[in-house]
Amino acid sequence: MSNERSVMAVIRAARPSFRNDTDKIAFAVHAAFLSSGFVLTAVGPNALAENVISSPSTDEVGIDNWNQFEDHYAFVYANPEKGSNKVLVKCLLMNGKLLVDALAHGSSQPVHLEIDINNYVGENGNGNYSAQYKNLDKLVSNLDKEVISKLYGPVSTSGSSSNPSGLETGSRRNVNGDGVRINEPTGPQPHPSGGDFGGGDMLLGPNDPRWFGGLSGDHGFPGAQPGVPPGARFDPYGPPGVPGFEPNRFIRNSPRRPGGGTHPDLEHFGGGDFI
């Protein structure tokens with residue numbers, strides 16, 4: 001990641017000649033790429049050659065003819081950290097702004113940034129390089145955030161949290177057409193009774209802990225008898241041929257009463273007919 005000091009160090013080391021203020025900003029763009037670890041492989045007219053971005057050559061070149069054109073610039077870089085994947089950068093002057101477009105090889109969508117030249121050019125045009133720029137830290141930050149970091153897609157944030165308070169964990173914020181903010185669940189949500197349904201599945205398998213005293217030793221379904229969901233009916237037979245739903249899987253290991261009588265699995269229902 002580049003910063004103001006590393007970009008200025010590149011500019012001073014290259015000692016470029018500036019024809020105008022547009023040159024200064026275009027070269028700052030180039031310096032930001034170099035200080036971010038990119039290698040210059042083509043510049044000026046050579047950077048606009050056909051198939052230059054798909055060329056396997058990664059030989060580093062100098063900055064000769066970098067500002068040969070009157071109102072536009074072109075650079076091609078290789079990124080050693082991305083398998084020397086090439087990046088084409090074009091800069092175009094339009095209405096006092098430098099329009100920056102960068103396209104990585106293999107991508108169909110360039111990233112874009114508009115730079116207001118007057119916001120970053122110093123008043124002293126002939127002094128030291130540092131005096132020829134102003135707000136360079138902001139310029140470098142914008143280039144890194146809006147161009148360089150977006151070349152290869154969004155950065156993954158898995159395994160980390162950007163919200164220490166955790167107030168929005170497990171939800172996605174959205175705004176409807178009326179401008180009202182909406183929180184939409186994105187992960188497993190707890191059942192209103194307090195039991196976790198394991199990913200939102202409404203089916204309970206034969207080994208689910210709620211059949212045998214709940215998740216913490218209490219009744220799995222508040223207000224009901226142990227092992228009996230509210231409104232449940234007795235149906236000991238599951239889908240035919242589905243492993244884990246054989247009839248004997250739903251029978252507890254309790255001995256039958258001598259002489260018959262109500263099976264222990266039916267005692268909760270107090271007798272009667274079942275369908």
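A search of the whole of this predicted model finds 10 aromatic pairs. One of them joins F18 and Y133, whose ring centres are 6.5 Å apart and whose planes meet at 90°, an edge-to-face arrangement. The two residues come from distant parts of the chain, 115 residues apart. F18 sits in the loop between α1 (4-14) and α2 (21-35), while Y133 sits in the loop between β5 (111-116) and α3 (136-146). Y133 has a relative accessible area of 6%, so it counts as buried.

A second pair can be set beside that one. The rings of F75 and Y77 have centres 6.1 Å apart, and their planes differ by 20°; because this angle is under 30 degrees, the pair is classed as stacked. F75 and Y77 are both buried. Ring pairs also build a cluster, whose members are F18, F27, W66, Y73, Y129 and Y133. F18 and Y133 thus appear in the cluster as well as in the edge-to-face pair described above.

Y73, a member of that cluster, also appears among the contacts of T22. T22 belongs to helix α2. With a relative accessible area of 9%, T22 falls under the 20% limit and therefore counts as buried. What does T22 touch, once its neighbours within four places in sequence are left aside? The contacts are with Y73, L93, L98 and I117.

The overall layout helps to place these residues. The protein contains three helices and seven strands. Read from the N terminus, the elements follow the order α-α-β-β-β-β-β-α-β-β. The protein has 275 residues, and 33% of them count as buried. Of the contacts between residues at least 6 apart in sequence, 48% join residues at least 24 apart. The exposed area of the protein is about 17300 Å², and carbon and sulfur atoms supply 49% of it.

Salt bridges are the next feature to follow. The count for the model is four. In one of these, R19 is joined to D23, with 3.0 Å between the closest N and O atoms. How do the two partners stand in terms of burial, buried or partly exposed? R19 has 40% relative accessibility and counts as partly exposed. D23, by contrast, is buried, with a relative accessible area of 0%.

Another salt bridge is formed by the side chains of K97 and E114, at 3.8 Å from N to O. This pair links distant parts of the chain: K97 lies in strand β4 and E114 in strand β5, 17 residues apart. K97 has a relative accessible area of 34%, which makes it partly exposed. E114 is also partly exposed, at 45%.

The side chains of E146 and K150 meet in a salt bridge too, with an N to O distance of 2.9 Å. At 26% relative accessibility, E146 counts as partly exposed. K150 is likewise partly exposed, with a relative accessible area of 43%.

Two asparagines deserve a look for their backbone angles. Most residues other than glycine have a negative phi. N65 is not a glycine, yet its phi is positive, at about 70°. N65 is located in the loop between β1 (39-43) and β2 (72-79). Its relative accessible area is 47%, so N65 is classed as partly exposed.

N95 also has a positive phi, here about 55°, and is not a glycine either. Where is N95 found? N95 occupies the loop between β3 (85-94) and β4 (97-104). Its relative accessibility is 74%, and because that value is over 50%, N95 counts as exposed.

The region around N95 can be tied back to residues already met. Strand β3 spans 85-94 and strand β4 spans 97-104, with N95 in the loop between them. K97, in strand β4, is the residue that forms a salt bridge with E114. L93 and L98 are among the contacts of T22, which is itself buried. N95, on the other hand, is exposed.

Notes
Residues numbered from 1 in each chain as written. Predicted model: local features only at pLDDT ≥ 70, side-chain atom pairs only at ≥ 80, totals over all residues. Heavy atoms only, no water. Phe/Tyr/Trp six-rings, centres within 6.5 Å; stacked < 30°, edge-to-face > 60°. Helix = DSSP H or I, 4+ residues; strand = E, 2+ residues; numbered from the N terminus. Buried < 20%, exposed > 50% of the residue type's maximum accessible area, 1.4 Å probe, protein only. Contact = heavy atoms within 4.5 Å. Areas by Shrake-Rupley, 256 points an atom, 1.4 Å probe, with all protein chains shown as cover.
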